[in-house]
Amino acid sequence: MPATPPASSTDSGVDDPVLDQAIAWLVRLRADPGHPGGDTGLQGQIEQWCGANPAHAQVWRELMAAEEQFQQLVALPVPAGQWQAPLNQLTRSRQRRQARRRWLGGVALGLGGLAMASLAARQAGWFDLLEGSGYTTATGAQRRLRLSDGTALALNTDSQVQVRFDLAQRLLVLRQGEIFVDSGKDTQSAQYRPLRVRTAHAMLQALGTRFDVRQQAQATRLTVIEGQVAVETVTGLREVIVPGEMVEIDAQGQLQRQAILSASMDPTAWLEQTLVARQMRLGDLVAEMARYRHGWLQCDPAVADLRISGVFQLQDNDAALDSLAQALPVVVQRRTRFWVRLAAAGRD
């Protein structure tokens with residue numbers, strides 16, 4: 001069952017996460033082979049979700065009413081190949097904070113195509129993204145929120161995580177980017193539900209802890225600040241990571257441990273919107289900075305092995321790059337705001 005984050009005020013009066021959850025339930029209901037009624041199990045889950053909070057029931061009623069009005073107005077099928085449009089429209093509507101009437105109108109327009117597109121979306125992997133509550137951040141942005149079980153969750157730049165809570169477990173699926181988890185006591189459930197994070201390379205189970213998880217192209221990086229985290233790799237290898245340890249888990253299920261203090265970069269400094277480098281390769285530093293800006297940022301291989309230490313502000317990326325030119329024999333080459341390169345001083 002989707003997680004239920006606490007209410008937050010918006011201009012519309014409707015919680016973004018609550019509306020997302022209602023849409024996810026409706027998509028699952030319409031995709032069910034037994035539609036229009038759906039199976040009794042799914043109907044029961046929806047009724048339980050609606051009964052958990054008056055706001056859930058209100059949004060569900062308005063969503064169903066909006067869809068009914070839309071179905072009465074639209075009798076033509078969606079042309080082949082056009083099912084992506086309503087999905088994109090639905091995504092955009094989630095990102096806007098508008099008046100409630102405009103919210104529901106946009107959702108209704110998307111739902112007409114979603115019912116017909118459910119099979120194609122499932123095959124493309126999109127349906128999976130609509131199940132549960134999904135949270136994302138844009139490039140350069142960060143986000144903090146508290147989940148229904150009391151867990152505090154922070155998302156770093158360009159990140160995407162799915163929240164899937166049910167009676168058996170609390171599961172966070174990290175699709176991309178980086179999250180910091182401060183596990184809650186799960187006061188929402190009378191029975192024990194383990195808190196897990198799933199990545200492309202491992203399943204991580206929190207043991208009363210605070211930890212950072214980063215999904216990289218070739219590996220998952222786990223940093224434990226407090227408590228312990230049990231790791232199970234795709235090959236079945238099981239390890240327990242303790243505070244002060246940082247571990248990378250690759251696609252072959254191999255673990256490479258390192259002490260946090262010996263790392264060239266503080267892995268959790270981003271929570272303070274800073275990048276803390278300790279004798280870090282310039283090439284690696286520039287690659288890290290590139291995560292927080294749009295466009296193309298590169299480092300000349302001729303200067304990539306220079307070492308640098310310092311604290312750099314992530315919210316002022318250009319100033320951080322200029323400070324590198326003051327500390328090292330490099331120059332910042334800017335063709336446009338989206339094309340920046342660090343090269344050896346004296347080069348054009």
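**Reading cavities, a sheet and a buried valine**

Biologist: Where do we start?

Modeller: With the empty space inside: the structure holds two cavities of 30 Å³ or more. Bear in mind that this is a predicted model.

Biologist: How does anyone find empty space in a set of atoms?

Modeller: Rolling a probe the size of a water molecule over the atoms shows where empty space is left. Here, the largest cavity holds about 70 Å³ of space.

Biologist: Which residues lie nearest the centre of the largest cavity?

Modeller: Look for Met265, Asp266, Trp270, Glu288 and Tyr292; they belong to a lining of 15 residues. By character, that lining divides into eight nonpolar, five charged and two polar residues.

Biologist: And which strand gives the most to the lining of the largest cavity?

Modeller: That's strand E12, residues 274-281, which supplies three residues.

Biologist: Let's turn to the sheet. In what order do its three strands come?

Modeller: Read across the open sheet and you get E13-E16-E15, with mixed pairing. Strand E13 (296-299) and strand E15 (330-336) stand at the edges with a single partner strand each, so one side of each has no neighbour in the sheet. Going from one strand to the next, the twist averages 15 degrees.

Biologist: How many bridges join E15 to E16?

Modeller: Six, and the two strands run antiparallel, with E16 covering residues 339-344. To see one pairing for yourself, find Val330: its bridge partner in E16 is Ala344.

Biologist: Which strands does helix H7 lie across?

Modeller: Helix H7, residues 282-290, lies across E13, E15 and E16, and runs at about 170 degrees to E13. Helix H8, residues 317-327, also lies across E13, E15 and E16; its angle to E15 is about 145 degrees.

Biologist: Now a single residue. Is Val161 buried or exposed?

Modeller: The cut-off for buried is under 20% relative accessible area. Val161 has 0% relative accessibility, so Val161 counts as buried. You'll find Val161 in strand E4, residues 160-165.

Biologist: What is Val161 in contact with, leaving aside its neighbours within four places in sequence?

Modeller: Ser133, Gly134 and Tyr135 are on the list, along with Leu153 and Leu155. The others are Leu172, Val173, Leu174 and Ile179. Take Leu172 as an example: 11 residues separate it from Val161 along the chain, and their C-alpha atoms are 6.6 Å apart.

How values were computed
Residues are numbered from 1 along each chain as its sequence is written. This is a predicted model: local features need pLDDT of at least 70, side-chain atom pairs count only at pLDDT 80 or more; totals for chains, interfaces and linings use all residues. Side-chain values use heavy atoms; hydrogens and water are left out. On a 1 Å grid over the protein atoms alone, a cavity is a set of points where a 1.4 Å probe fits but cannot get out, and a pocket is an open set with protein on both sides within 12 Å along at least five of seven lines; lining residues have an atom within 4 Å of a point. Grid points are joined across faces, edges and corners, and a volume is the space filled by probe spheres set on the points. Helices (H or I, at least four residues) and strands (E, at least two) are DSSP runs, numbered from the N terminus. Ala, Val, Leu, Ile, Met, Phe, Trp, Tyr, Cys and Pro count as nonpolar, Asp, Glu, Lys and Arg as charged, and the others, Gly among them, as polar. Two strands pair if DSSP finds at least two bridges between them. Axes are lines fitted to C-alpha atoms, for helices over the stretch in contact, and angles run from 0 to 180 degrees between N-to-C directions. Contact means heavy atoms within 4.5 Å. Buried means under 20% relative accessible area, exposed over 50%, partly exposed in between (1.4 Å probe, protein chains only).
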